[in-house]
Amino acid sequence: MRKLTVIFAAIMLFSQALDAQVKEKFKTYDIIPKGEKLAGLQFAYLNMNSENSEYLLLANGLDAKASFSSLAPTMAYAVSTNRVIGARVAFNSASGYLDDTTLSLLNDGLEFDLHNVSASLKQRSAEAFYRRYLGLEEKGRLGLFYECALSYSYSKTAFSLNDKSDDWSGSARAKFSFSPGIVFFPSSNISTQVCVSLADVTWGHTTYMSDGEAKGSMTRFRSQIGLDLLGISFGLIIHI
């Protein structure tokens, strides 16, 4: 947690420096006035299956499916022109299913048969964020933004083999993320947005349970830079 606090402070300083550079080198416009209130929803959905995958080259007769969905009510307030602070509560769920699969690991003598393997995840999170908008044209219809967010979440993942299992894991996680995006105003008080997570730093603790008993736990600290498919979200915001 101490590392997260230090990283959060460092990236906020980086954000201020980035603001100064953008103002100096580019002409930007005001699209969010001071004192404006924002309320809306941020959502995401991803669905994958083995029929459109080109990467599972070690699996024969693969029948696999996976999906992810997220819904996050959001509220924010413009503390100054084009600068917003806010909070959101996210409800995430994911599921995966694997059936009738034989893994032949480059050798016919190393084969593993998998049948009726499934997993489901339920996650709840609370998040505080700072967002900086950059208007791209004078009418205030189109703009860019970047967002720094600090969140805490708890998730439970249940596992099943042949429809029978009492195995599950519980994970607590603190996360700092950096996400740029684009915003468009179809009307003066409604905006739509697309946001992409490009970097995050995460602290997490996971406990594994089986037959009602704790079988082990793991704590890890991770940082990554790059496009996160599960971090692509869309939003609809009302401006008051």
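This report describes the fold, interior and selected residues of a predicted model.

**Overall architecture**

The chain comprises one helix and 13 strands. Read from the N terminus, the order of elements is α-β-β-β-β-β-β-β-β-β-β-β-β-β. Of the 240 residues in the chain, 35% are buried. Among contacts between residues at least 6 apart in sequence, those joining residues at least 24 apart account for 66%.

**Nonpolar core**

The largest nonpolar core contains 14 residues, and those with the most contacts inside it are Ile 31, Ile 32, Leu 38, Val 84, Tyr 133 and Val 183. At least two residues of this core come from each of E3, E7, strand E8 (142–161) and strand E9 (168–187). Once neighbours within four places in sequence are set aside, Val 183 is in contact with two other residues of that list, Ile 31 and Tyr 133. The remaining partners of Val 183 are Arg 141, Leu 142, Gly 143, Leu 144, Phe 145, Ser 191, Thr 192 and Gln 193.

**Internal cavity**

The structure holds one cavity of 30 Å³ or more. The largest cavity encloses about 80 Å³ of space. Its lining consists of 14 residues, of which Thr 74, Ala 76, Phe 129, Arg 131 and Ile 237 are the closest to its centre. Strand E1 (37–49), strand E3 (63–80), strand E4 (83–99) and E7 each contribute at least two residues to the lining of the largest cavity. E1 provides the largest share of that lining, four residues. By residue class, the lining of the largest cavity divides into eight nonpolar, four polar and two charged residues.

**Selected residues**

The relative accessible areas of five residues are collected below.

| Residue | Relative accessible area | Class |
|---|---|---|
| Cys 148 | 1% | buried |
| Cys 195 | 3% | buried |
| Glu 127 | 18% | buried |
| Ala 66 | 26% | partly exposed |
| Ser 223 | 54% | exposed |

Cys 148 and Cys 195 are both buried, and the structure holds zero disulfides.

Glu 127 is located in strand E7 (residues 117–135). Glu 127 counts as buried because its relative accessible area of 18% falls under the 20% limit. Beyond residues up to four places away in sequence, Glu 127 touches Gly 86, Ala 87 and Arg 88, together with Glu 147, Ala 149, Leu 150 and Ser 151.

Ala 66 belongs to strand E3. With a relative accessible area of 26%, Ala 66 lies between the 20% and 50% limits and is therefore partly exposed. The C-alpha atoms of Ala 66 and Ala 94 are 7.4 Å apart in space, although the two residues are 28 apart in sequence. When residues up to four places away are not counted, Ala 66 touches Leu 46, Asn 47 and Met 48, as well as Ser 95 and Gly 96.

Ser 223 sits in strand E12 (residues 213–225). Its relative accessibility of 54% is over the 50% limit, so Ser 223 counts as exposed. Ser 223 and Ala 199 are separated by 24 residues in sequence and by 7.6 Å in space, C-alpha to C-alpha. Apart from neighbours within four places in sequence, Ser 223 is in contact with Asp 200 and Val 201.

Technical notes. Residues are numbered from 1 along each chain as its sequence is written. This is a predicted model: local features need pLDDT of at least 70, side-chain atom pairs count only at pLDDT 80 or more; totals for chains, interfaces and linings use all residues. Side-chain values use heavy atoms; hydrogens and water are left out. A disulfide is a pair of cysteine sulfur atoms within 2.5 Å. Buried means under 20% relative accessible area, exposed over 50%, partly exposed in between (1.4 Å probe, protein chains only). Contact means heavy atoms within 4.5 Å. On a 1 Å grid over the protein atoms alone, a cavity is a set of points where a 1.4 Å probe fits but cannot get out, and a pocket is an open set with protein on both sides within 12 Å along at least five of seven lines; lining residues have an atom within 4 Å of a point. Grid points are joined across faces, edges and corners, and a volume is the space filled by probe spheres set on the points. Ala, Val, Leu, Ile, Met, Phe, Trp, Tyr, Cys and Pro count as nonpolar, Asp, Glu, Lys and Arg as charged, and the others, Gly among them, as polar. A nonpolar core is a set of buried Ala, Val, Leu, Ile, Met, Phe, Trp, Tyr and Cys residues joined through side-chain atoms within 4.5 Å.
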